[in-house]
Amino acid sequence: MLRILRIRAPQLRAWERQGLISASEEYSFQDLVQLRTLRQLCAMRLSTSSIRAGVRAMRAVSGMDNPLLEAGTMRSGSRVVFRYLGHAMEPIAQQYVFDFDAGERPHQLAQVEPNPHSHVQHENHIATLFLDAVHEEESGRLTEATTLYEEILALQPDHAPAAINLGTILYNQRKFLRAEELYRSATLADPGYALAFFDLGNVLDELQRLPEAIAAYQTAIRLVPGYADAHYNLALACERSNERRRALRHWMAYLRYDPIGPWANHARCQARKILDRERLAIVWRRPRTKSIAS
């Protein structure tokens, strides 16, 4: 499950400690959807404390047991906004969002009029298709999942999560050019979505377009400075570009965010090799002391 969602165990444990997901030996389909939502919110640069505060406030004002499952989510400034039945609500302020987009400008908050019923039906249909697609993907029925993701994108071309999930299926099938198209569409649909830039970097790396891959990883890190996986992959890319000192910075950054486990051991080994090599280079370049004639 963690492999499909691309969530690291330390992140899962942190969410469990914060009460955002119940600790369990086995996770249900509903847990899978909730974890995917948490991953997407974190990729939007929302802090765990902000997500937790938004969830608590939404429970209080709406009566929902689990807003992460029962409502859609988006970002408004540093807070979570929940979308439900055509409304977008910022629960801490207890106001409806009047105007919102994926950009960085502050969002005006005001009461909104109910949207037409057809729009509500459309949103609910998209949400149902997405949940069905995730379920098919988790169950290993990739052909069915692919069909559903493509249907979503035909109905809503800027649906970034569907583009990313479909791109990942195709990436694993080594259909790199189509995966690149999907990842790029996700970055355009949601320029603040760090995961989209990380995935784009991965496929560009596979296509041996290393400078572009490095730029994509850098964007992911700019959006989420603590994105451990992006630091790891960027360090690898820098090493292949013979930028060892730059690689060293990202190996060390990775170890700050994910210091335990086999990947951390590899990062530590690579950092040590670079440090040893740099010391030897400094010694080799040291000028010889001129002898003083007697």
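In the predicted model, Tyr232 is buried, with a relative accessible area of 7%. The ring of Tyr232 pairs with that of Trp263 in an edge-to-face arrangement, the centres being 5.6 Å apart and the planes 85° from each other. The angle qualifies as edge-to-face because it is over 60 degrees. Trp263, at 47% relative accessibility, is partly exposed, so the pair joins a buried residue to a partly exposed one. Tyr232 belongs to helix 12 (residues 228-240) and Trp263 to helix 14 (residues 262-285); the pair therefore ties together parts that lie 31 residues apart in sequence. Both residues are members of one aromatic cluster, which also includes Trp251 and Tyr254. In the structure as a whole there are 7 aromatic pairs.

The chain has 294 residues, of which 44% are buried. Its secondary structure consists of 14 helices and 4 strands. Among contacts in the chain with a separation of 6 or more, 50% involve residues 24 or more positions apart.

Helix 12, which carries Tyr232, also packs against helix 11. The axes of helix 11 and helix 12 come within 9 Å and cross at roughly 150°. Helix 11 is therefore roughly antiparallel to helix 12, and the crossing is left-handed. On the helix 11 side, the contact is formed by Leu210, Ile214, Tyr217, Gln218, Ala220 and Ile221, and on the helix 12 side by Ala230, His231, Asn233, Leu234, Ala237 and Arg240. By class, these residues comprise 8 nonpolar, 3 polar and 1 charged.

Helix 11 (residues 210-223) further packs against helix 10 (residues 194-206), at an angle of about 165° and with the axes 8 Å apart. This angle is over 145 degrees, so the two count as roughly antiparallel. Helix 10 passes helix 11 in a left-handed crossing. From helix 10, the residues in contact are Ala194, Phe197, Phe198, Leu200, Gly201, Asn202, Leu204 and Asp205; their partners in helix 11 are Leu210, Glu212, Ala213, Ala216, Tyr217, Thr219, Ala220 and Leu223. The contact of helix 10 with helix 11 contains 11 nonpolar, 3 polar and 2 charged residues. Leu210, Tyr217 and Ala220 of helix 11 take part both in this contact and in the contact with helix 12.

Gln208 is located in the loop between helix 10 and helix 11. Its phi is near 60°, a positive value in a residue other than glycine. Most residues other than glycine have a negative phi. Gln208 is exposed, with a relative accessible area of 74%.

Helix 10 also has a contact with helix 8 (residues 160-172), where the packing angle is about 20° and the axes are 11 Å apart. Helix 8 and helix 10 are therefore roughly parallel to each other, and their crossing is left-handed. Ile164, Thr168 and Tyr171 represent helix 8 in this contact, and Leu195, Ala196, Asp199, Asn202, Val203 and Glu206 represent helix 10. The residues of the contact of helix 8 with helix 10 divide into 5 nonpolar, 2 polar and 2 charged. Asn202 of helix 10 appears in the contact with helix 8 as well as in the contact with helix 11.

Arg174 is placed in the loop between helix 8 and helix 9 (176-189). Although Arg174 is not a glycine, its phi is positive, at about 65°. Arg174 is exposed, with a relative accessible area of 59%. Positive phi values thus occur at Arg174 and at Gln208, and both residues lie in loops between helices.

Tyr149 is part of helix 7 (residues 142-155). Tyr149 is buried, with a relative accessible area of 0%. Leaving aside residues up to four places away in sequence, Tyr149 touches Phe130, Ala133, Val134, Glu137, Ala162, Asn165, Leu166 and Ile169. The C-alpha atoms of Tyr149 and His159 are separated by 9.5 Å, with the two residues 10 apart along the chain.

Key:
Residues numbered from 1 in each chain as written. Predicted model: local features only at pLDDT ≥ 70, side-chain atom pairs only at ≥ 80, totals over all residues. Heavy atoms only, no water. Phe/Tyr/Trp six-rings, centres within 6.5 Å; stacked < 30°, edge-to-face > 60°. Buried < 20%, exposed > 50% of the residue type's maximum accessible area, 1.4 Å probe, protein only. Axes fitted to C-alpha atoms, helices over the stretch in contact; angles between N-to-C directions. Parallel < 35°, antiparallel > 145°, perpendicular 65-115°, else oblique. Left-handed = near helix turned anticlockwise from the far one by under 90°. Contact = heavy atoms within 4.5 Å. Nonpolar A, V, L, I, M, F, W, Y, C, P; charged D, E, K, R; others polar.
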